[in-house]
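The exercises below are to be worked with the sequence and the coordinates at hand. Each consists of a task followed by a solution in steps.

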Amino acid sequence: MNSTLDIAVADTWFEGHFPGNPILPGVAQLALVVEALARERGTALALGGIPFVRLRQLVRPGERLRLATEARANDTLRVALTRDGAPVMNGELRFGLHTADRPAAPALPVLADAPPVEALLPHQPPMRFVTGVLGASADGLACSARVPSNCPLVAGGLAPALAAIEAAAQTGALWEAARRWRDGPGAGPRAGYLVGLRDVSLFATHVPADTALTATVTLEALGPPLAHYAMQVDLGERCILHGTLAALIPPTCPPPMTDSRSTMP
Amino acid sequence: MTTTTLQTAEETRLATLIVEALNLEIAPAEVDAAAPLYRDGLGLDSIDILEVALVISKTYGVQLKADDADNVRIFGSLRSLSEHVQKHRTK
């Protein structure tokens, strides 16, 4: 089934993300897409996999997006979000929960001298998901996190499971910030951007709000300002999702215009 | 009908890496070796180029710096990128 849908972006999505610099969270883009598809089909949809997603442009308050979809033979749906014809996000989604064996939660050594989350993350409530550092290795970080009940992703005490991606993205941002923190003084919060997802498998439809999650990221590849992290989010012993995320941390903090994210051509 | 510049074996391998890393809907052999990789050529944006730099670093051990003044030339085409990679590769 191929279709085109219009999506209005409500102002509530921008609270805490980020103060003075409103950017639609990448997971909100995904949530809006899944919501629009569910509305169109008149049924709840269980997102089970994200073979890939690429987030290309920042979305600001008041903007309208257009979603185009195209069904593929292998049970997946190609999606493309545009704004005035320009690509904002594109990717491939798979519906139907992932049923393969869930991996066990990775365990990282406990970090005694944990960096302060509030000082290193630009995210503010209700979009600050990470609550503390649990463990660290040379190339990885594990954090405690939860989806606050007043976060716009939450309805009826539940958030779609893809909200857990934001917990992993913030853990990746914290890993990067902690590295700068160790390297010298003056390292403060710096807005990073979720720019890609790959091979994400989801094992749940929802996560309960205000419930402790564990988000673990391990650096897979680094090509500044781009980093790839393997991510996993668990609720107790239960894996919610795992996959790879790509994050962009600009070397300085320029006004986040879409074309100033890098000096690459 | 535009003519496509044929690829060398190294260029085909690099084109395959790029197409797979970016999930492009084009066959590697269809990438014009002489056309620009970004914008009007293959249509890559700045984040795509960073992804390409990262996969090249992983595969060939060649570090491509985001602030290199030479990037416009290096990423000028599959051919120029492949030549740069072959010249500087460490694996």
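The conventions come first, and the exercises follow.

**Conventions**

The model is predicted: local features need pLDDT of at least 70, side-chain atom pairs count only at pLDDT 80 or more, and totals for chains, interfaces and linings use all residues. Residues are numbered from 1 along each chain as its sequence is written, while chains are lettered from A and ligands numbered from 1 in the order in which they are written.

**Exercise 1. Determine how many residues of chain B are in contact with chain A, and which helix of chain B gives the most to that side.**

Step 1. Apply the contact criterion: two residues are in contact if their C-beta atoms, placed from the backbone, lie within 7 Å. By this criterion, 17 residues of chain B are in contact with 15 residues of chain A.

Step 2. Assign the residues to elements; helices (H or I, at least four residues) and strands (E, at least two) are DSSP runs numbered from the N terminus. Helix 2 (46-60) and helix 3 (71-74) of chain B each supply at least two residues of the side that touches chain A. Helix 2 of chain B gives the most, with nine residues.

Step 3. Classify the side of chain B that touches chain A. Ala, Val, Leu, Ile, Met, Phe, Trp, Tyr, Cys and Pro count as nonpolar, Asp, Glu, Lys and Arg as charged, and the others, Gly among them, as polar. The division is nine nonpolar, four polar and four charged residues.

**Exercise 2. Compare the span of helix 2 of chain B with the expected value, and state what its buried residues pack against.**

Step 1. The expected span is 1.5 Å times one less than the number of residues. For the 15 residues of helix 2 of chain B this should be 21 Å, and the end C-alpha atoms are 21 Å apart, which agrees.

Step 2. A residue is buried if 20 or more other C-beta atoms lie within 10 Å of its own, exposed if 12 or fewer, and partly exposed in between, the C-beta atoms being placed from the backbone. Buried residues of helix 2 of chain B include Ile47(B), Leu50(B), Glu51(B) and Leu54(B).

Step 3. The buried residues of this helix pack against strand 9, strand 11, strand 12 and strand 13 (238-248) of chain A, together with helix 1 and helix 4 of chain B. Gly61(B), with a positive phi near 70°, follows the helix.

**Exercise 3. Describe how helix 1 (residues 9-22) and helix 4 (residues 78-88) of chain B pack.**

Step 1. Axes are lines fitted to C-alpha atoms, for helices over the stretch in contact, and angles run from 0 to 180 degrees between N-to-C directions. The two helices pack at an angle of about 100°, with their axes 9 Å apart.

Step 2. Helix 1 of chain B is therefore roughly perpendicular to helix 4 of chain B, a class that covers 65 to 115 degrees.

Step 3. Among the contributors to the contact are Leu14(B) and Ala15(B) of helix 1 and Leu81(B) and Val85(B) of helix 4. The residues of the contact divide into five nonpolar, two polar and three charged.

**Exercise 4. Establish whether helix 3 of chain A is largely enclosed or exposed, and what it gives to the largest nonpolar core.**

Step 1. Helix 3 (residues 164-183) of chain A has 20 residues and reaches 29 Å between its end C-alpha atoms, close to the 28 Å expected.

Step 2. Of these residues, 15 of the 20 are buried, so the helix is largely enclosed by the rest of the structure.

Step 3. A nonpolar core is a set of buried Ala, Val, Leu, Ile, Met, Phe, Trp, Tyr and Cys residues joined through C-beta atoms within 7 Å. The largest has 101 residues, of which Ala164(A), Leu174(A) and Ala247(A) touch the most other members. Helix 3 of chain A gives the most to this core, with ten residues.

Step 4. Beyond four places in sequence, the contacts of Leu174(A) include Val117(A), Leu141(A) and Cys143(A). Ala167(A), in helix 3 of chain A, is buried with 28 other C-beta atoms within 10 Å.

**Exercise 5. Locate the cis peptide bond between two prolines, and decide whether Asp84(A) is buried or exposed.**

Step 1. The cis bond joins Pro224(A) and Pro225(A), with omega about 5°. Pro225(A) lies in the loop between strand 11 (213-223) and strand 12 (226-235) of chain A.

Step 2. Asp84(A) has a positive phi near 50° without being a glycine. Asp84(A) counts as exposed, with 9 C-beta neighbours inside 10 Å.

Notes:
Angles under 35 degrees count as roughly parallel, over 145 as roughly antiparallel, 65 to 115 as roughly perpendicular and the rest as oblique.
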